[in-house]
Every structure is written in C-alpha cells, then in structure tokens.
Amino acid sequence: MRAFQYHRPASLAEAAALAARPEAKLLAGGQSLVQAMKLRLASPSDVVDLGALKDLAGIKTDGRTLTIGAMTRHAEVAESAEVKKAIPALAQLAGMIGDRQVRAMGTLGGSIANNDPAADYPAAVLALDAVIHTNKGRHDVGTFFKGLYETALAPGEIITAVEFRIPQRAAYMKFKNPASRFAIVGVFVADFGGGNVRVAVTGAGPCVFRQTEMEKALAAKFDPASVASIKVSPAGLNSDLHASAEYRAHLVTVMAKRAVEAALK
Ligand SMILES: Cc1cc2nc3c(=O)[nH]c(=O)nc-3n(C[C@H](O)[C@H](O)[C@H](O)COP(=O)(O)OP(=O)(O)OC[C@H]3O[C@@H](n4cnc5c(N)ncnc54)[C@H](O)[C@@H]3O)c2cc1C
C-alpha cells in the first residue's frame with residue numbers, strides 16, 4: 001500500500017470537494033477498496049471516508065418505492081423489517097452477500113459503484129428499475145452499469161441513495177462461489193404486474209445484464225416452465241477457473257427457473 005492522506009469529512013459538500021481532487025478515492029466500508037490498495041491496484045493520493053455522513057445511511061419507503069442510503073450496510077438491509085415487508089427478495093439478497101464481516105462493513109453504494117461483475121446488488125438494482133441518486137443528480141439504471149467495474153459515475157461523484165421500485169413479487173437466486181460467496185451466476189426476477197417483468201443476470205458476463213427473452217416469456221406467463229426451455233448462448237459470457245461460459249449459460253436458465261419458483265411461493 002502506498003502512502004495517502006486520510007480525510008473524514010463532516011458534510012456531503014466537504015466530501016465532494018475532497019473527492020474532486022484528481023487522485024482521490026471515496027471510502028465506504030473498505031471491503032473492495034482496501035484490498036485494491038493493498039495490492040496496489042489502486043493508489044489514491046487522498047482517501048475520503050464517508051463514514052461520518054449519517055444522512056447517507058437509512059431506509060425509507062412511500063409504498064411505491066423503497067429508498068436505501070448509499071452507506072447502508074448489507075447487514076442492515078438483510079435485517080430491516082421495512083425491506084422484508086416491501087421487497088423481501090432484496091433483504092434475502094443482502095443476507096447472501098459474503099460473510100458476516102463483509103455484511104457488517106460493505107455498503108450498497110460501494111457495491112454498485114465498484115460494479116464487480118460477480119456482485120449481487122447490481123442484479124437487484126437493474127431488475128427493480130432503480131434510480132441512483134448522487135450529489136450531482138440522478139442516474140436511471142438503464143444507463144448506469146457500463147461494463148466491467150465501470151459505471152456512469154463521473155470522477156468524484158458520490159452516490160447518496162438508491163430508489164427501488166416495489167414489485168408485486170420478486171426473487172433472487174444465486175449459484176455462489178463457495179469460497180467468496182460472490183455469484184458465479186445470480187438471477188433476479190421482478191414482476192411489476194401488467195406484463196412488466198424484468199430479469200437481471202449477474203456473474204455470468206463482464207457486467208450485469210437483462211435477459212429479455214426470459215422477460216417476454218414471463219410477461220406472457222409468469223411460470224417456471226416459461227423459462228425452463230430457454231437456452232442461453234455462452235457467447236460473450238465469462239469463462240474462468242470457476243466455470244466455463246457454457247456452464248454459466250446453463251446456470252442462467254437454472255437460476256431463473258428457481259427464482260420464478262421462489263417468487264410464486
Ligand atoms: C471476502 C469478501 C466476500 C465478498 N462477497 C461478496 C458477495 O458474495 N456478493 C457481493 O455482492 N459482494 C461481495 N463482496 C463485496 C462487498 O459486497 C462490498 O460491499 C463491496 O466490495 C463494496 O465494498 P464497500 O461498500 O466497503 O465499498 P469500498 O470498498 O469502500 O468502495 C468500493 C468502491 O466504491 C467507491 N464508493 C464507495 N462508496 C461510494 C459512494 N457512496 N459513491 C460513489 N462511489 C463510492 C469507492 O471509491 C471504491 O471505488 C465481498 C467482499 C469480500 C472482501
């Protein structure tokens with residue numbers, strides 16, 4: 001790890017000013033950034049800790065949407081009565097992330113800003129048609145996740161909260177890496193009613209994506225059988241020591257079918 005200046009700003013405006021420094025990095029729970037710094041994959045001049053900004057954490061709902069602050073820890077989402085009531089699948093997803101220590105420290109904002117190809121939250125954010133609020137405005141999810149570890153955030157832009165649309169029913173299923181618990185493949189299915197179904201896949205490709213063929217089939221009939229016969233092409237999917245592209249393609253169908261089954265329970 002290289003030397004850096006540590007800051008703990010007391011306001012969002014102060015954090016934004018520090019984050020605007022050319023080599024600055026925001027620090028949430030440190031669950032990705034600190035490892036990257038130890039490995040010298042990241043060598044920021046300034047580390048801007050968001051931990052004192054209490055307004056960035058918290059959960060609220062208006063019955064139509066559920067808004068979660070960027071600094072809300074995975075464990076808080078997993079245990080929240082409000083999340084369990086509004087979008088139980090989201091609480092379950094948060095409870096499946098990493099281990100107890102990762103869930104105690106890791107945050108929603110850090111997870112989606114990092115946009116790891118195997119992270120769980122991007123699938124929920126995309127399937128639940130979320131709006132990403134920042135100190136500079138808002139991003140629609142359709143244009144937020146750009147590619148491998150890449151988002152539409154401008155340098156120094158700070159995620160403040162994520163606003164999820166509440167579906168009629170939803171479920172998330174993942175085939176996890178048994179060591180890290182990151183998704184080898186994870187599928188989030190959300191049914192908003194009126195034939196509006198969204199299916200988002202993480203872990204399989206370089207970046208989270210929607211599976212539109214499954215969305216159409218489920219809009220016609222929300223039933224596991226509607227997706228069970230859909231064969232996903234392995235072209236462009238990840239292939240590594242954990243799973244081949246062909247295996248990941250197969251898992252997309254299996255996880256989607258299981259997610260629909262779970263959403264119907
Ligand atoms: C052992 C281990 C297992 C894990 N398993 C899983 C898993 O199963 N599933 C899963 O999804 N994840 C997993 N993770 C990742 C974990 O979920 C973290 O939440 C994720 O790495 C982000 O960490 P963080 O919130 O601490 O952010 P940090 O590490 O502090 O920051 C990550 C990146 O986001 C930026 N950032 C942070 N907050 C903001 C903000 N508000 N606005 C803009 N940019 C911001 C930082 O500058 C940095 O670039 C695992 C991590 C570890 C160490």
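**Working through a predicted model: loops, rings and a ligand**

Let's start with Tyr149, which sits in the loop between strand S8 (145–147) and strand S9 (150–151); strands here are DSSP runs of E with at least two residues, helices are runs of H or I with at least four, and both are numbered from the N terminus. This is a predicted model, where local features need pLDDT of at least 70, side-chain atom pairs count only at pLDDT 80 or more, and totals for chains, interfaces and linings use all residues. Residues are numbered from 1 along each chain as its sequence is written, and side-chain values use heavy atoms, with hydrogens and water left out.

**Exercise 1.** Find the sign of phi for Tyr149 and for Asn115, then say how exposed each residue is.

*Solution.*
- Step one: phi of Tyr149 is near 55 degrees, so we have a positive value in a residue other than glycine.
- Step two: Asn115 isn't a glycine either, and its phi is positive at about 50 degrees.
- Step three: Asn115 belongs to the loop between H7 and helix H8 (121–127).
- Step four: check the cover, where buried means under 20% relative accessible area, exposed over 50%, and partly exposed in between (1.4 Å probe, protein chains only). Tyr149 counts as partly exposed because its relative accessibility is 46%, and Asn115 counts as buried because its value is 0%.

**Exercise 2.** Describe the geometry of two aromatic pairs, Phe144 with Phe145 and Phe175 with Tyr247.

*Solution.*
- Step one: pick your descriptors, namely the distance of the ring centres and the angle of the planes.
- Step two: set the cut-offs. Rings of Phe, Tyr and Trp (its six-membered ring) pair if their centres lie within 6.5 Å; planes under 30 degrees apart are stacked, over 60 edge-to-face, and the rest tilted.
- Step three: the structure holds three aromatic pairs. One of them, Phe144 with Phe145, is edge-to-face, at 5.0 Å centre to centre with 85 degrees between the planes. Both Phe144 and Phe145 are buried.
- Step four: Phe175 and Tyr247 also make an edge-to-face pair, with 6.1 Å between centres and 90 degrees between planes. That pair links distant parts of the chain, since Phe175 is in strand S11 (residues 169–176) and Tyr247 in helix H11 (residues 245–264), 72 residues apart.
- Step five: Phe175 is partly exposed because its relative accessibility is 30%, and Tyr247 is partly exposed too, at 36%.

**Exercise 3.** Work out what surrounds the ligand and how much of the ligand the protein buries.

*Solution.*
- Step one: build the shell, taking a residue as near if one of its heavy atoms lies within 4 Å of the molecule. Of the 30 residues around the ligand, Leu26, Ser32, Thr107, Asp120 and Arg181 come nearest.
- Step two: look for polar contacts (N or O pairs within 3.5 Å). Ligand oxygen atoms lie 2.6 Å from a polar backbone atom of Leu26, 2.8 Å from one of Ala28 and 3.0 Å from a backbone N or O atom of Gly98.
- Step three: taken alone the ligand exposes 980 Å², and the protein buries 91% of that (Shrake-Rupley, 1.4 Å probe).
- Step four: strand S2 (24–27), helix H2 (33–38) and helix H7 (108–114) are the elements that give two or more residues to the shell.
- Step five: sort the shell residues into 13 nonpolar, twelve polar and five charged. Here Ala, Val, Leu, Ile, Met, Phe, Trp, Tyr, Cys and Pro are nonpolar, Asp, Glu, Lys and Arg charged, and the others, Gly among them, polar.

Conventions:
Polar contact = N/O pair within 3.5 Å; in protein donor to acceptor, adjacent residues only side chain to side chain.
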